[in-house]
Amino acid sequence: MREVIKTVGLTKMYNGFPALDELTLTIGPDVCVGFIGPNGAGKTTTIKILTSLIRSTAGKAYVEGFDIRESPKAALMNVGSVVETPEFYPYLTPIETLDYLGRLRGMGEEYVRDRSKRVLEQVHMEEWATTRIGKFSKGMKQRLGIAQALLHEPTVLILDEPTSGLDPRGMIEVREIIKDLKKEKRTIFMSSHLLYEAQEVCDWVAMVDKGRLIFFDKVENISKLTGAKKLEIRLVEPITEEQLDTIKNFEGVAEVSLVHPEIVNLRFGGNDQDRAKMLAEMIAKGAMVVSFQSVGMELEDLYMDMIGSS
Ligand SMILES: Nc1ncnc2c1ncn2[C@@H]1O[C@H](COP(=O)(O)OP(=O)(O)OP(=O)(O)O)[C@@H](O)[C@H]1O
Ligand SMILES: [Mg+2]
């Protein structure tokens with residue numbers, strides 16, 4: 001497997017305190033990895049080392065095989081990043097900004113022009129291409145930040161909390177942009193405080209706590225680890241004794257609670273087939289089922305298990 005991002009025993013000390021404590025992580029090509037963990041876990045520190053903003057104390061970090069300390073230029077050729085809220089000159093327009101940044105990167109005039117157009121489309125900013133940035137909302141600046149990160153066609157996109165501080169609409173827009181970017185061949189490494197966001201947007205989750213990696217796996221594997229899922233069943237009319245017993249007696253069911261006469265919450269260890277069977281039995285008992293769905297998040301359960309015990 002091509003190792004797109006790799007850290008080996010990566011350590012960063014601040015006054016004798018390990019902000020990063022021998023973090024070892026290997027990320028393959030064309031995946032989106034959500035980097036999660038509590039405040040002060042070391043997410044931004046990792047990202048700053050990977051983008052060469054700070055130097056590690058010990059250990060190694062590679063991007064596309066290039067050692068970040070030994071060959072920062074080669075490593076960073078492959079990386080586009082947005083770390084913290086990007087700031088731009090307010091009197092410049094996005095086109096002027098990208099032109100300036102492109103030239104700083106040594107890109108040719110025509111290439112910068114073509115790429116600027118393309119990246120502004122990718123972040124849905126083409127209408128604002130010639131408007132001064134001073135007028136932009138935080139969400140628009142964040143999108144422009146992503147555009148500048150993509151300008152030189154990097155194979156790796158690194159984002160530190162890309163939706164932090166944005167209003168709900170801004171968050172949704174940025175998430176949709178990231179989901180679109182996933183369709184292209186590219187590795188995305190993004191930190192987030194929002195477990196929901198990591199689970200929705202990313203294919204993999206890397207969890208850190210106290211500078212150490214405590215979990216790294218595919219999102220789709222998380223449900224297997226957390227076991228029983230929370231289910232919510234909503235009915236048109238109050239549930240009957242018989243219907244409630246049907247649920248309670250079903251194999252793998254635990255913690256049945258009546259939130260409302262028409263709403264039942266429970267934990268269920270069964271698979272999709274078992275759930276379909278339970279639904280069919282409810283309907284056979286005359287229940288008019290409005291919705292029958294998993295609620296809550298497996299990643300949340302896993303997070304509480306892992307962080308709580310670490
Ligand atoms: N410049 C610095 N000087 C001293 N300590 C620092 C410095 N930068 C970070 N730290 C410490 O290193 C640890 C990791 O910080 P880091 O910013 O990487 O965490 P984080 O996971 O990004 O947290 P958050 O979720 O709050 O953004 C924290 O304990 C922090 O206080
Ligand atoms: Mg941070």
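Q: Which residue of β13 stands opposite Ile233?
A: This is a predicted model, and the pairing is read from its strands. β11 (residues 229-235) is joined to β13 by six bridges, and the two run antiparallel. Within β13, Ile233 has as its opposite residue Val264.

Q: Which residues form the covered face of strand β13, and which the uncovered one?
A: In a regular strand, side chains alternate between the two faces of the sheet. β13 spans residues 263-268, and its covered face holds Val264, Leu266 and Phe268. The uncovered face is made of Ile263, Asn265 and Arg267.

Q: What is the bridge partner of Ser257 in β13?
A: β12 (residues 253-260) pairs with β13 in the antiparallel sense over five bridges. The two strands form a hairpin, with two residues between them. Asn265 is on the uncovered face of β13. The partner of Ser257 in that strand is Asn265.

Q: How many residues of strand β14 are buried?
A: β14 runs from 289 to 295 and is paired with β11, antiparallel, through six bridges. One position of this pairing sets Leu231 opposite Ser294. Burial requires 20 or more other C-beta atoms within 10 Å. Among the seven residues of β14, which is hardly covered, the buried count is zero.

Q: How many residues make up the other core, the one that lies apart from the largest nonpolar core?
A: The largest nonpolar core has 62 residues, of which Val33, Ala147, Phe189 and Val205 touch the most other members. Apart from that core lies another, with Ile233, Leu235, Val264 and Met278 among its members. The size of this other core is 11 residues.

Q: Which helix gives the most residues to the largest core?
A: In soluble globular proteins, nonpolar side chains tend to be buried together. Here the largest nonpolar core has 62 residues, and Ala147 is one of those touching the most other members. The top contribution to this core, six residues, comes from residues 138-150, helix α5.

Q: Why does this core lie between two domains, and which are they?
A: The protein is divided into two domains, with bounds 5-219 and 227-309. Both of them give residues to this core, so it lies between domain 1 and domain 2.

Q: With which residues is Phe189 in contact, leaving aside its neighbours within four places in sequence?
A: Phe189 belongs to the largest nonpolar core and is one of the residues touching the most other members. Contact here needs C-beta atoms within 7 Å. With the neighbours within four places set aside, the list is Ile5, Ile27, Val33, Phe35, Val156 and Ile158.

Q: Which element gives the most to the side of domain 1 that touches domain 2?
A: The centres of domain 1 and domain 2 are 39 Å apart, taken over C-alpha atoms. Their contact takes 10 residues from domain 1 and six from domain 2. On the domain 1 side, α7 (195-201), β9 (204-209) and β10 (212-218) each supply at least two residues. The most, four residues, is given by α7.

Q: How do the residues of the shell around ligand 1 divide by class?
A: The residues around ligand 1 are Tyr14, Ala19, Gly37, Asn39, Gly40, Ala41, Gly42, Lys43, Thr44 and Thr45. Gly counts as polar in this classification. The shell therefore divides, with Gly placed in that class, into three nonpolar, six polar and one charged.

Q: How many of the eight residues of α1 are buried?
A: Helix α1 (residues 43-50) supplies the largest share of the shell around ligand 1, three residues. Its buried residues are Lys43, Thr45, Thr46, Ile47, Lys48, Ile49 and Leu50. α1 is followed by Ser52, whose phi is positive, near 65 degrees. The helix is mostly covered, and its buried count is seven.

Q: Which exposure class does Glu96 fall in?
A: Glu96 has its place in helix α3 (residues 94-104). In space it is 9.9 Å from Thr131, C-alpha to C-alpha, while 35 residues separate the two in sequence. A residue is buried at 20 or more neighbours and exposed at 12 or fewer. Glu96 has 17 C-beta neighbours inside 10 Å, so it counts as partly exposed.

Q: What percentage of the residues in the protein is buried?
A: The protein has 11 helices and 14 strands. Its C-alpha atoms fill a box of roughly 75 × 50 × 35 Å along the principal axes. Of the 310 residues, the buried share is 35%.

Terms used
Residues numbered from 1 in each chain as written. Chains lettered and ligands numbered in written order. Predicted model: local features only at pLDDT ≥ 70, side-chain atom pairs only at ≥ 80, totals over all residues. Domains from an automatic or database assignment. Contact = placed C-beta atoms within 7 Å. Core = buried A, V, L, I, M, F, W, Y, C linked by C-beta atoms within 7 Å. Near = placed C-beta within 6 Å. Pairing = 2+ DSSP bridges.
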